[in-house]
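Q: Please take a close look at one part of this model, a sheet in one of its chains, and set out how that part is built and where it sits in the whole.

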Amino acid sequence: MNISNAFRNYFEKNGVGLGTFLLVVVLFWVVVLIILPQLSMLDFSFRHHLPPPEMGGPKDVYTLEHYEYLVLGAPGADTSYNVVDLGVFGRTLMAAVFVTVLNLVICYPIAYYLAQSKGSGGTTRILVLLLIIPYWINEILRAFAFRIIFGDSGLINETLIVMGLIDNPIDFIRANVALYAGLGYAYILLMIFPIYNVIESLDRNQIEAARDMGASWARIHWRVVIPYAKPGISSGCTMVFMLTAGALAAPQILGGPSSLWFTQIIYQWFNQGGNWPRGAAFAIVLLVTCVIIVLSMMRLFKVKMGDIGK
Amino acid sequence: MSKGVGVDLEDVCIRFGDFVAVREANVNIKGGEFFSFLGPSGCGKTTILRAVSGFLEPSEGRVLIGGKDMAGFGPNKRPTALIFQNLALFPLMKVWENITFSLEVQGVGKAARRKRADELLEMIALTGQGDKLPSELSGGQKQRVAIARALCAEPDVLLLDEPLSALDLKLRQHMRTELREIQKRVGITFIYITHDQGEALTMSDNVAVMRAGIVDQIADGHTIYNDPATPFVASFVGENNVFRGKIKSINGDHAIIDTNRSGDLVAKIATTAKGSLGVGDEAMMFLRPEACKIASDTSAAQNRLTAKVLHEEFEGQIYNVFLEGAQSKEIKMSLVNVGQERQSSKSDELTLEYNPDQAIVLPAGELASE
């Protein structure tokens, strides 16, 4: 089918009015709100950091300066690489992977339980409500709530002290426990629902058939449920990984004094540093790296792009 | 038939809350037998199958396989294999992996599994198709893969939950024959669930007819069809003209019924009703459409009826003639198509005749609803 045919079909199906509306809204969303801002960021990242009067002047030429800075550091620094920024970059990605895996381990059983007990009424619905209602609260407030729970005189430390398990409060903030817990919790729904969606459509007879043939629960999940749920798992993991790596509020509020998230560095260049091109360059590197990681993971686990939309 | 292992249900009751799905089922299935549970949907036949396979425990009574009480044994611990109504092949595994999944569970190596898969593929006439995915096979091929997968574990008892219901007519008939042949070849016990009497009668050694959780009759196909135990069996299996009335007299194996609309008729007393049926009892007489024929002698007799032709249907191998007897009693007659000219026109008066041994009389009871 050629393109003009496709358009004709599209308008015949939706009518001229609705068809135009949908087309304009989607194009506006994709082009104006996503593609153009990203392109302008990309453009920014290759420019010198100049005071406003010199913009567009003879000094305003393209440069790789900011990318060089991220890798090599400031000219004349002691080390040959930008150890600080690259270190934060690496730690951020590692932490995002860790949070994603942790989320998957926690969410898969929940999603499986929810999907398989569908229709059995009360408890399932209450569980879903308990999962959703906390998200009516603002993300920043939730992060502060975690700070309070994990604080020196917070719920957890107090409980442990009262039970006599510890004498002095544990510094969960410094140990980044609060940060991982907060990040893990922040995107839990984005992991549960894609997996839930896929497993819900799994024919229960397949599980029974496997059981009938003597398979253990572990094998049923490994051979039947997980392969089937793979598109949902990868969709959930992608979202959680991307959002965790790009999170700003949670690291700002819950992060220990010694830990910095790469987004915080980007934020500093944009705001305190006022060096937009450098911030843009750092942001582009983070984005491209995350996309590469996601695509190579999809390749490794043999997930097709089309499956994600399922 | 020495290989097979018998299955016994002893006073099995299965309840879901207040609902009784199966009540006091007593069934003895001999080893190596092809046994069917036949009944309308919701009669509890699938529930019985699940109790045998171990997916649910009976509320009361015992399930014995090979004489051994199966209480407490899960489906993965029983010597049974189940073929699901929708087959439940694993869509993401290749055909050969599907077939040998039970061996994979037992930790059998890949080469041995592949070899066994090839043997089974040969048995189901799908040689060389092992590397396909189930979605690449036709309905009948999937069916055969499901059978091979179930047989791979070498179960003592194979349980089949209406596996042919999704197939079209020709394929269904073909698969009937094939299933029967496979059963004879492997010699294990087959328990088959169906609402299709044709399937039950053609394939089974014995059939249990079920109605609302109760097993009404267990017998071979001939007996079920020719000598039903209850009005439900008589009306559910095959077609029957039903005449209600009272017993007027009993003479040996036969009884005369004073029917409500068609006068006195003679019929054989069903084996199960012998001795219990007395003069004056409410009774039902069942006369199969194919047991009727057109009488040449039109004088009144207790095995003759007069009726007016309403209309006629040509079904290929038979003509169905719909008639109206006395007091608008509807009667159906089937005449075998032997090349005769059939041109009875509407309102023709006919005299029907039947062999009294082919009509059955039973105590009045519940009929199968259409």
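A: The account begins with one pair of strands in this predicted model. Strands E9(B) and E10(B) are paired in the antiparallel sense, with 5 bridges between them. Within that pairing, Val209(B) is placed opposite Gln217(B) of E10(B). E9(B) and E10(B) make up a hairpin in which 2 residues separate the strands, and Ala212(B), in the turn, has a positive phi of about 45°.

Val209(B) also leads to the next strand, E3. In E9(B), Val209(B) is the bridge partner of Leu38(B). Strand E3 of chain B, residues 34–38, runs parallel to strand E9, residues 206–211, and 4 bridges join the two. Strand E3(B) is also joined to strand E8 of chain B, residues 189–194, by 5 bridges, and this pair is parallel as well. In E8(B), the residue opposite Phe35(B) is Ile191(B).

These pairings belong to an open sheet of 6 strands in chain B, with the order E6-E7-E8-E3-E9-E10 and mixed pairing. The edges of the sheet are taken by E6 and by strand E10 (214–219) of chain B; each has a single partner strand, so one side of each is left without a neighbour in the sheet. On average, neighbouring strands of the sheet are turned by 15° against each other, direction ignored.

The contact with the other chain involves one of these strands. In total, 15 residues of chain B are in contact with 15 residues of chain A. On the side of chain B that touches chain A, strand E6 (80–83) and helix H3 (101–105) of chain B each supply at least two residues. H3(B) gives the largest share of that side, 3 residues. Sorted by class, the side of chain B that touches chain A consists of 11 nonpolar and 4 polar residues, with no charged residues.

A helix of chain B completes the local picture. Helix H1 of chain B, residues 45–53, is mostly covered, with 8 of its 9 residues buried. Among the buried residues of H1(B) are Lys45(B) and Arg50(B), together with Ile48(B), Leu49(B) and Val52(B). Gly54(B), just after H1(B), takes a positive phi of about 100°.

The setting is chain B as a whole. The secondary structure of chain B comprises 9 helices and 20 strands. Chain B is divided into domain 1, covering 7–226, and domain 2, covering 241–363. The C-alpha centres of these two domains of chain B are 39 Å apart. Along the principal axes, the C-alpha atoms of chain B fill a box of roughly 80 × 50 × 35 Å. Of the 370 residues in chain B, 41% are buried. Among contacts in chain B with a separation of 6 or more, 67% are between residues 24 or more positions apart.

Chain A, the partner in the contact, is likewise divided into domain 1 (1–35) and domain 2 (83–308). The C-alpha centres of domain 1 and domain 2 of chain A lie 35 Å apart.

Technical notes
Residues are numbered from 1 along each chain as its sequence is written. Chains are lettered from A and ligands numbered from 1 in the order in which they are written. This is a predicted model: local features need pLDDT of at least 70, side-chain atom pairs count only at pLDDT 80 or more; totals for chains, interfaces and linings use all residues. Two residues are in contact if their C-beta atoms, placed from the backbone, lie within 7 Å. Helices (H or I, at least four residues) and strands (E, at least two) are DSSP runs, numbered from the N terminus. Ala, Val, Leu, Ile, Met, Phe, Trp, Tyr, Cys and Pro count as nonpolar, Asp, Glu, Lys and Arg as charged, and the others, Gly among them, as polar. A residue is buried if 20 or more other C-beta atoms lie within 10 Å of its own, exposed if 12 or fewer, and partly exposed in between; C-beta atoms are placed from the backbone. Domain bounds come from an automatic or database domain assignment. Two strands pair if DSSP finds at least two bridges between them. Axes are lines fitted to C-alpha atoms, for helices over the stretch in contact, and angles run from 0 to 180 degrees between N-to-C directions.
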